[in-house]
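The following note sets out a few points on the architecture of this model. Please read them alongside the sequence and the coordinates.

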Amino acid sequence: MRRAGSAELDFFSAAEPVFLRKFYERIVMRFRPCIDLHHNKVKQIVGGSLRDNGEGLRTNFESEFDSGYYAKMYQRDGLTGGHVIMLGPGNEEAALLALNSYPKGLQLGGGINPANARKYLDAGAAQVIVTSYLIEDSDVSMRRLDALMEVVKPGELVIDLSCRKTAKGKYLVVFDRWQKFTTLEVNAKTLQKLSQYCSEFLIHAVDMEGKMSGVDANIVKLLADISPLPCVYAGGISSYEDIELIRREGSGKIDYTVGSALDIFGGHLSYSKIVSLPH
């Protein structure tokens with residue numbers, strides 16, 4: 001929403017019908033903050049560089065502050081729907097600290113399955129984010145999705161469809177820390193099929209993630225055209241022009257996350273400025 005004291009607030013008069021305000025809020029994209037965790041530390045890494053053996057990891061930033069610091073910052077600034085991602089094992093302590101610091105304000109992903117999903121929701125997660133658990137034989141397992149639905153409701157679930165572009169121009173979902181390709185294509189059929197099970201989709205453009213090399217405008221436009229649910233884009237945002245590109249190509253419907261480029265993560269984009277943008 002637009003902030004009190006902002007000049008843009010004058011867009012509405014005091015007598016503006018509520019339904020018009022709600023319509024405007026729905027079509028204006030939102031900034032979604034993030035907290036990426038690796039070995040219980042807040043970090044920003046280059047997408048796809050995380051391996052099971054820890055070799056090859058390329059770290060852009062490691063914070064001196066814990067996850068609770070960032071969670072409280074996001075709560076203070078009225079930001080909702082941000083995501084906490086556990087990059088591999090050994091991150092539960094930091095994840096729980098973030099959830100406890102901002103109850104029902106953050107989503108949590110990384111290793112989510114039917115055995116732990118309810119625990120994290122009860123600990124304060126607004127939604128849980130899932131990818132790898134759903135993949136079986138390189139495709140979405142409806143058996144596994146049904147098992148997850150026994151412990152969570154669609155409104156409590158975000159499906160992560162982080163993807164990479166193939167030589168043929170298709171976007172295929174990747175999993176297992178973005179190391180492995182599935183045969184699942186990000187297209188209208190896939191999103192329509194999965195939309196009945198979740199409340200939104202999270203899409204990392206993995207080839208752009210952590211590189212601050214610009215956004216993948218094609219996937220942004222594709223999501224705006226085909227998704228029946230809200231979508232959050234992440235990957236490569238490095239300028240305010242990139243944010244404007246997402247607004248334009250996404251028709252104002254695609255929310256976005258900025259990671260390594262933010263000054264709170266050692267980058268050059270002002271977190272305060274982005275928070276002050278109309279949302």
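1. In this predicted model, the buried residues of α8 pack against four elements: α7 (217–226), β14 (231–234), β15 (254–257) and α9 (271–276). The residues of α8 (240–249) that are buried, under 20% relative accessible area, are Asp242, Ile243, Leu245 and Ile246. Because these residues cover an arc of only 155° around the axis, they lie on the same side of α8. An α-helix has 3.6 residues a turn, so residues three or four places apart point the same way. Serine 251, which follows α8, has a positive phi, near 55°.

2. Two of the elements packed against α8, namely β14 and β15, belong to an open sheet of 10 strands with mixed pairing. The strand order is β3-β2-β1-β4-β5-β6-β9-β13-β14-β15. At the edges stand β3 (59–62) and β15, each of which pairs on one side only. On average, neighbouring strands in this sheet are turned by 30° against each other, direction ignored.

3. Within that sheet, β1 (residues 34–38) and β4 (residues 82–86) run parallel and are joined by four bridges. Leucine 37 stands opposite methionine 86 in β4.

4. A further open sheet comprises three strands in the order β10-β11-β12, paired antiparallel. Because β10 (163–165) and β12 (180–185) each have a single partner strand, one side of each is left without a neighbour in the sheet. Neighbouring strands here are turned by 45° against each other on average, direction ignored.

5. Three bridges join β10 to β11 (residues 171–175). Lysine 165 has tyrosine 171 as its bridge partner in β11.

Conventions: Residues are numbered from 1 along each chain as its sequence is written. This is a predicted model: local features need pLDDT of at least 70, side-chain atom pairs count only at pLDDT 80 or more; totals for chains, interfaces and linings use all residues. Side-chain values use heavy atoms; hydrogens and water are left out. Two strands pair if DSSP finds at least two bridges between them. Axes are lines fitted to C-alpha atoms, for helices over the stretch in contact, and angles run from 0 to 180 degrees between N-to-C directions. Buried means under 20% relative accessible area, exposed over 50%, partly exposed in between (1.4 Å probe, protein chains only). The arc is that of the directions from the helix axis to the C-beta atoms. Contact means heavy atoms within 4.5 Å.
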